[in-house]
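Visitor: I am new here. Please show me the structure, and let me ask how each label is earned.

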Amino acid sequence: MTVRDKLCPSSKYKIKCPYAMKPEGICIHNTANDASAAAEVSYMLGNGAQTSYHYAVDDVEAVHAVPNDRNAWHAGDGGKGAGNRRYIAIEICYSKSGGTRFEAAMKNAAELTAGLLKEYGWDISHVKKHQDFSGKYCPHRILSDYGWEYFLNLVRAELGEAETPTPVLTKGAVGEAVKKLQSRLSEWGYALEIDGSFGPATLEAVKEFQKKQGLEVDGSVGPLTWAALMKEPSEEVSDVEKFADTNGHWAEEIIDELAAMGIVHGDGTGDFRPDEPITRAEAAAMVRNAVKYVTGK
Ligand SMILES: [Zn+2]
């Protein structure tokens, strides 16, 4: 990624960046717009409003608009606020629509952030979000589709302190990570269109997968669900026994769950016979299966 200077002319300092600044950290924003970094900066420097920031970043470049030793008006925390007076503001472009273009911009912003951390000798605690200063839901796209920790992990990956992370995905998310989720779910036997959009069908598949894996069924794809998805699909789990005679029985759901865990099985004819007694041997086998499910041994 290149960093290009398109710095505020000193004639406009009075409006855009009136105070000298010794920066203390970095404040991350989303533009809530679908314009490129160059277009964002042209607009910002060309208008008469105070609103300003130090960098705009898109999928190809970062454009440097306000010198880092001058303040910018971005954090909504007032004339003497820490955000407005001591933080370097980075606007990440294409956040209105999100998706792959936004993800590329977010990765470039992580690279720029990591570079600034190194330059100033700061650790990750110096990276804040707009929300930390004023409560505004910004960077909105990061917060809604990926989670703040995901962005911090992107920065850590740029610093060489972590692997490139997988984001927390919930309904409404879009982009490459959602495609990856959908293709993993497909490999686990869920028929899904790989369209990169986390809609109702993907949500259903995620919940069903979580249920069968014994995970919390919240429809949110976090670290545990990712870890389970990345395993080799197991025949035993994806090919769950379905019984002909449990439909509508009060214990149907319990029986299905235990069958998915491999703890109970049918009678070999496709029936479960939910109201029949079991033998001591069958009881022993069920306990053994349950111990194996819990301990893995
Ligand atoms: Zn913001």
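Guide: Start with a term: two strands pair if DSSP finds at least two bridges between them. Keep in mind that this is a predicted model.

Visitor: Which residue stands opposite C27 in β6?
Guide: K128 does. C27 belongs to β2, residues 25–30, and β6 covers residues 127–129.

Visitor: What makes β2 and β6 a pair?
Guide: The cut-off is at least two bridges. β2 and β6 are joined by 3. They therefore count as paired, and they run parallel.

Visitor: How many bridges join β2 to β5?
Guide: There are 6, and these strands also run parallel. β5 spans residues 87–92. One of the bridge partners is I92 in β5, matched with N30.

Visitor: Why is β2 called largely enclosed by the rest of the structure?
Guide: A residue is buried if 20 or more other C-beta atoms lie within 10 Å of its own. In β2, 5 of the 6 residues are buried, so the strand earns that description.

Visitor: Why does D59 count as partly exposed?
Guide: Buried needs 20 or more neighbours, and exposed means 12 or fewer. D59 has 18 C-beta neighbours inside 10 Å, so it falls in between.

Visitor: Where is D59 found?
Guide: D59 sits in the loop between β3 (55–57) and β4 (61–64). Setting aside neighbours within four places in sequence, its contacts are R101, A104, A105 and N108.

Visitor: How far apart are D59 and E208 in space?
Guide: From C-alpha to C-alpha, 35 Å. In sequence they are 149 residues apart.

Visitor: Which domains hold those two residues?
Guide: The domain assignment gives domain 1 as 2–158, so D59 falls there. Domain 2 is 176–235, and E208 lies within it. The centres of these two domains, taken over C-alpha atoms, are 33 Å apart. The assignment also gives domain 3, residues 242–295.

Visitor: How do you know that the length of α8 is close to what is expected?
Guide: Helix α8, residues 176–187, has 12 residues. From first C-alpha to last it reaches 17 Å. At 1.5 Å a residue, 16 Å is expected, and the two values are close.

Visitor: Which residues of α8 are buried?
Guide: A177, V178, L181, Q182, R184 and L185 are. Seen down the helix axis, they fall within an arc of 160°, so they line one face of α8. They pack against α9 (200–212) and α10 (223–230).

Visitor: What comes just after α8?
Guide: G189 does, with a positive phi of about 100°.

Definitions and conventions:
Residues are numbered from 1 along each chain as its sequence is written. This is a predicted model: local features need pLDDT of at least 70, side-chain atom pairs count only at pLDDT 80 or more; totals for chains, interfaces and linings use all residues. Helices (H or I, at least four residues) and strands (E, at least two) are DSSP runs, numbered from the N terminus. The expected span of a helix is 1.5 Å times one less than its number of residues. The arc is that of the directions from the helix axis to the C-beta atoms. Two residues are in contact if their C-beta atoms, placed from the backbone, lie within 7 Å.
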